[in-house]
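Student: Hey, I've got a structure to go through and could use some help. Can we just chat through it?
Tutor: Sure, pull it up and ask away.

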Amino acid sequence: DLVTVLVLQGRLDEARQMLAKEADANPSCAGMCRVLGDLMRTMPILSPGNTQTLTELELKWQHWREECERHLQDNTFAANPRLESLCKIMLGDEAALLEQKELLSNWYHFLVTRLLYSNPTVKPIDLHFYAQSSLDMFLGGESSPEPLDNILMAAFEFDIHQVIKECSFGSNMREFLLLEYASGLFAHHSLWQLGVDYFDYCPELGRVSLELHIERIPLNTEQKALKVLRICEQRQMTEQVKSICKILAMKAVRNNRLGSALSWSIRAKDAAFA
């Protein structure tokens, strides 16, 4: 349900537009769609450049919540359980949110949505409490926290030393972060060679990732091609060496440099290609 996804992501303007189309297509629920759309439109938010204080926002927020609760108590959406569920989500109802676990996908998405609709002016010092309770509710004792979960929890406690410790000793997370950083370096035209060294420090997926990234490097010049070739030869990446030599041989043929083409063909060690 796209409207539910949009509401969970806090994209209420888009959700309201979808509801308006739904009202036009289905007159029987048009009134309910309009009421819910109005609640979405009037939800108080603190936007950049807005001069209202947090106290003013909290007062408006409380009045808006009371309006949402009144519609639920009056059974405004009783004839349409889906719209009723959306109204409950907008009230930060934890049970209604947890019914959408598949759409939320992880506990920190649940945390963000929960705070958006229940306590948008949460103080930084209280974030750890909400993070821990969101983690516990979302996992429900069915699974254990992952290394990333521990890192995030330490971050919510503003415990930088623990964050560093978790990153250092959680080998899977360490490798994940190194792979991400190396991939970012490879996207840069002059820093890609540094990425090679980072991939070398990833024992599980480093080599596979390096092979994939090497194949995507544009061989604009022979000098660059030689650098890539040297990297591959140092790591016994036989298939990549053959591929690069063949590419350079074909370029030499197109430029009528037959001697160079033959040299690259021999270096490729592929009799069929030569």
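Student: Okay, starting with Glu22: how exposed is it, in terms of relative accessibility?
Tutor: Keep in mind that this is a predicted model. In it, Glu22 has 21% relative accessibility, so it counts as partly exposed. The cut-off for buried is under 20%.

Student: Got it. Which residue does Glu22 form a salt bridge with?
Tutor: That would be Arg82, and the closest N and O atoms are 2.8 Å apart. Glu22 sits in helix 2 (residues 12–25) and Arg82 in helix 5 (residues 81–90), so the bridge ties together parts that are 60 residues apart in sequence.

Student: And Arg82, what does it count as?
Tutor: Arg82 counts as partly exposed, because its relative accessibility is 27%.

Student: Why would side chains pair up like that anyway?
Tutor: Side chains of opposite charge can pair when their charged atoms come close.

Student: How many salt bridges are there in the whole structure?
Tutor: A search finds 12. Another one of them joins the side chains of Arg114 and Glu94, at 3.2 Å from N to O. Arg114 is in helix 8 (residues 107–118) and Glu94 in helix 6 (residues 94–98), which puts the partners 20 residues apart.

Student: Is Arg114 buried or exposed?
Tutor: Buried, with a relative accessible area of 5%. Its partner Glu94 counts as partly exposed, at 33% relative accessibility.

Student: What about Glu222, which side chain does it meet in a salt bridge?
Tutor: Arg257, at 3.5 Å from N to O. Glu222 lies in helix 15 (residues 222–234), while Arg257 is in the loop between helix 16 (238–254) and helix 17 (258–268), so this pair ties together parts that are 35 residues apart in sequence.

Student: Changing topic! How do helix 2 and helix 3 cross?
Tutor: Their axes come within 9 Å and cross at roughly 165 degrees, with helix 3 covering residues 30–42. That angle makes helix 2 roughly antiparallel to helix 3. The crossing itself is left-handed.

Student: Which residues meet there?
Tutor: On the helix 2 side there are Leu12, Ala15, Arg16, Leu19, Glu22 and Ala23, and they meet Ala30, Cys33, Leu36, Gly37, Met40 and Arg41 in helix 3. By type, the contact residues divide into eight nonpolar, one polar and three charged.

Student: Oh, so Glu22 is back again!
Tutor: Yep, Glu22 is among the helix 2 residues in that contact, and it also forms the salt bridge with Arg82.

Notes:
Residues are numbered from 1 along each chain as its sequence is written. This is a predicted model: local features need pLDDT of at least 70, side-chain atom pairs count only at pLDDT 80 or more; totals for chains, interfaces and linings use all residues. Side-chain values use heavy atoms; hydrogens and water are left out. A salt bridge is a side-chain nitrogen of Lys or Arg within 4 Å of a carboxyl oxygen of Asp or Glu. Helices (H or I, at least four residues) and strands (E, at least two) are DSSP runs, numbered from the N terminus. Buried means under 20% relative accessible area, exposed over 50%, partly exposed in between (1.4 Å probe, protein chains only). Axes are lines fitted to C-alpha atoms, for helices over the stretch in contact, and angles run from 0 to 180 degrees between N-to-C directions. Angles under 35 degrees count as roughly parallel, over 145 as roughly antiparallel, 65 to 115 as roughly perpendicular and the rest as oblique. A crossing is left-handed if the near helix is turned anticlockwise from the far one by less than a right angle, and right-handed if clockwise. Contact means heavy atoms within 4.5 Å. Ala, Val, Leu, Ile, Met, Phe, Trp, Tyr, Cys and Pro count as nonpolar, Asp, Glu, Lys and Arg as charged, and the others, Gly among them, as polar.
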